[in-house]
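Subject: Handing over a structure

Hello,

I am passing a structure on to you, with some notes to help you find your way around. Please have a look at it first, and then read on.

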Amino acid sequence: MIDVDGYRPNVGIVLLNGDGRLFWARRVNRDGWQFPQGGMRSDETPLEAMYRELQEETGLSPEHVQVVGATRGWLRYRLPHRYVRHHQRPTCIGQKQVWFLLRLVGGEDALKLDACEKPEFDLWRWVDFWYPAAHVVNFKRQVYERALRQFAPLVEGLLSMQIGSPPPPREHGSSGKGREAA
């Protein structure tokens with residue numbers, strides 16, 4: 001499904017743990033790291049697409065998370081020319097995304113990157129809030145910055161209400177076990 005301007009509707013997911021760090025995952029067979037995201041089906045709302053993508057890419061179900069917020073309107077990015085499939089009609093020139101901020105309410109043991117037949121990610125870790133904006137592939141950087149700027153006040157509000165501190169973050173492989181050297 002591509003709109004008249006050439007953008008594919010998509011959802012992005014920013015998953016927050018109890019100490020304000022964000023879920024960051026490495027694409028299977030690639031060097032790139034990113035937030036979970038995926039295309040919307042024509043019969044889905046952004047919220048329905050988000051829950052489907054969340055389950056497919058992280059193994060988490062609605063009971064594992066709390067929706068804290070969503071971006072206002074669509075955030076768009078254009079694909080680099082080399083990624084545009086000019087021979088396909090309609091031609092997709094980029095993505096338009098609604099981003100969701102979720103808070104993990106269950107334990108991180110519920111995270112399962114291999115929950116679907118064809119996993120998107122093979123490794124994950126918790127990172128500082130602004131880390132993804134500086135480390136995502138260049139053509140997505142502006143969208144990440146815009147989404148995180150919208151979510152920053154919500155995260156600050158959540159963290160100011162918390163008492164105590166969670167255990168230190170760990171990195172995990174696709175089954176939720178294992179660790180990558182930092």
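Let me start inside a helix. Threonine 58 belongs to helix α1, which covers residues 46-58. Please keep in mind throughout that this is a predicted model.

Is threonine 58 buried or exposed? Its relative accessibility is 1%, and buried means under 20%, so threonine 58 counts as buried. Leaving out residues up to four places away in sequence, threonine 58 touches Phe23, Pro36, Glu53, Ala110, Leu111, Lys112 and Leu113. A polar atom of the threonine 58 side chain also lies 3.2 Å from the backbone nitrogen of leucine 60.

Threonine 58 also falls in a stretch that carries an annotation: in an unreviewed entry, UniProt lists residues 38-59 as "short sequence motif: Nudix box". In the model, that span is 59% helix and 9% strand, and the C-alpha atoms at its two ends lie 14 Å apart.

Now for the overall picture. The protein has 3 helices and 9 strands, and along the sequence they follow the pattern β-β-β-β-α-β-β-β-β-α-α-β. Of the 182 residues in the protein, 46% are buried. Among contacts with a separation of 6 or more, 73% join residues 24 or more positions apart.

Two strands are good places to look next.

The first of my picks is β1 (7-16). Here 9 of the 10 residues are buried, so β1 is largely enclosed by the rest of the structure. What does β1 pair with? With strand β7 (residues 94-104), β1 pairs in the parallel sense over 10 bridges; in that pairing, the bridge partner of arginine 8 is glutamine 95 in β7. With β4, β1 pairs in the antiparallel sense over 3 bridges, and glycine 12 stands opposite glutamine 37 in β4.

My other pick is strand β8 (residues 121-127), where 6 of the 7 residues are buried, so β8 too is largely enclosed by the rest of the structure. Strand β2 (residues 22-27) pairs with β8 in the antiparallel sense, over 6 bridges. If you want one pair to click on, leucine 22 has valine 127 in β8 as its bridge partner.

Leucine 123 is also in β8. With a relative accessibility of 7%, leucine 123 counts as buried. The C-alpha atom of leucine 123 is separated by 9.1 Å from that of tryptophan 33, although these two residues are 90 residues apart along the chain.

Finally, the pockets. The largest pocket has a volume of about 1,000 Å³. Which residues lie nearest its centre? They are Arg8, Arg27, Arg30, Gln95 and Lys140, out of the 28 residues that line the pocket. You have already met two of these residues, since arginine 8 and glutamine 95 are the bridge partners that link β1 with β7. As for the lining of the largest pocket, β1, β3 (33-34), β4 (37-39) and α1 each supply at least two residues. That brings us back to α1, the helix in which threonine 58 lies.

I hope this gives you an easy way in. Do write back with any questions.

Best wishes

Terms used: Residues are numbered from 1 along each chain as its sequence is written. This is a predicted model: local features need pLDDT of at least 70, side-chain atom pairs count only at pLDDT 80 or more; totals for chains, interfaces and linings use all residues. Side-chain values use heavy atoms; hydrogens and water are left out. UniProt positions are given in the numbering used here, feature names are shortened, and annotations may be inferred rather than shown by experiment. Helices (H or I, at least four residues) and strands (E, at least two) are DSSP runs, numbered from the N terminus. Buried means under 20% relative accessible area, exposed over 50%, partly exposed in between (1.4 Å probe, protein chains only). Two strands pair if DSSP finds at least two bridges between them. A polar contact is a pair of N or O atoms within 3.5 Å; within protein, one must be able to donate a hydrogen and the other to accept it, and residues adjacent in sequence count only if both atoms are side-chain atoms. Contact means heavy atoms within 4.5 Å. On a 1 Å grid over the protein atoms alone, a cavity is a set of points where a 1.4 Å probe fits but cannot get out, and a pocket is an open set with protein on both sides within 12 Å along at least five of seven lines; lining residues have an atom within 4 Å of a point. Grid points are joined across faces, edges and corners, and a volume is the space filled by probe spheres set on the points.
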